[in-house]
Amino acid sequence: MAEPALERSSDGAAPAGELAGSVQIRHVDAGSCNGCEVEIASAFGPVYDAERYGARLVASPRHADALLVTGPVTRNMEMALRRTYEAVPEPRVVVALGDCARDCGAFAGAYGVVGPVSEVIPVDVQVPGCPPRPEDIVEALRGMTGR
């Protein structure tokens, strides 16, 4: 028996009804240390199994409903992140995953860093942590799917 869906937060994410109980996610590493990627792999692995709640990783932004962005945005990734965001059809949701994506974390002030994700594209959901726990990632995804 599945757990009940979590209450939706008031952080501006697209209503679960718009995503029809499932969300296709394109992950973008904007310059992370790969700590968040390890936790994403765990969230979609057999223990936490985010797919059972309707979340699925996809290879193309054109097939996505949401972007899952990790790391501070580096100079080399700024334009790529903007283009990826523009390629995701409306309605789209952006998740800033981890402290670096939220406020640059340990990389704040670095010469190669443009800034947090919210300074480059609009952010709907933020998941704190360095790195965030798989449970927190799944909770954010469940908030988007309503499952």
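## Starting in the middle: S3, S5 and S7

Strands S3 and S5 run alongside each other as a parallel pair, held in register by 5 bridges. One of the matched positions is Val69, whose bridge partner in S5 is Ala96. Keep in mind as you look around that this is a predicted model.

S5 also pairs with S7, again in the parallel sense, this time over 3 bridges. Here you can look for Val95, which stands opposite Val125 in S7.

## How hidden is S5?

Take strand S5, residues 93-97. How many of its residues are buried? The count is 5 of the 5, so S5 is largely enclosed by the rest of the structure.

Both of its faces are covered. On one side sit Val93, Val95 and Leu97, on the other Val94 and Ala96, and all of them are buried.

## The whole sheet

Now zoom out. S5 belongs to an open sheet of 5 strands, and the pairing is parallel. Reading across, the order is S2-S1-S3-S5-S7. Which strands stand at the edges? They are S2 (55-57) and S7 (125-127); each has a single partner strand, so one side of each is left without a neighbour in the sheet. On average, neighbouring strands in this sheet are turned by 30° against each other, ignoring direction.

Over at the S2 edge, the partner is S1, which covers residues 23-29. These two pair in the parallel sense over 3 bridges, and Val23 has Ala55 in S2 as its bridge partner.

## A helix lying across

Helix H1, made of residues 35-43, lies across four strands of the model: S1, S2, S3 (66-70) and S5 (93-97). Compared with S3, H1 runs at about 135°.

Just ahead of that helix is a loop between S1 and H1, and Asn34 is found there. Asn34 has a positive phi of about 85°, although it isn't a glycine. That's worth a second look because most residues other than glycine have a negative phi. Is Asn34 buried, exposed or partly exposed? Its relative accessibility is 42%, so it counts as partly exposed.

## More loops to visit

Cys104 is another non-glycine residue with a positive phi, here about 75°. You'll find Cys104 in the loop between helix H3 (99-103) and strand S6 (113-115). With a relative accessible area of 7%, Cys104 is buried.

Ala59 sits in the loop between S2 and S3. Is Ala59 buried or exposed? Its relative accessible area is 68%, so it is exposed. Ala59 and Arg26 are 33 residues apart in sequence, yet their C-alpha atoms are 6.3 Å apart in space.

## Two cis peptide bonds

Most peptide bonds are trans, but there are cis ones to spot here. One joins Glu90 and Pro91, with omega about -10°. Where does Pro91 sit? It is in the loop between helix H2 (78-87) and S5.

Another cis bond runs from Cys130 to Pro131, with omega near -15°. To find Pro131, go to the loop between S7 and helix H4 (134-145).

Methods. Residues numbered from 1 in each chain as written. Predicted model: local features only at pLDDT ≥ 70, side-chain atom pairs only at ≥ 80, totals over all residues. Heavy atoms only, no water. Pairing = 2+ DSSP bridges. Axes fitted to C-alpha atoms, helices over the stretch in contact; angles between N-to-C directions. Contact = heavy atoms within 4.5 Å. Buried < 20%, exposed > 50% of the residue type's maximum accessible area, 1.4 Å probe, protein only.
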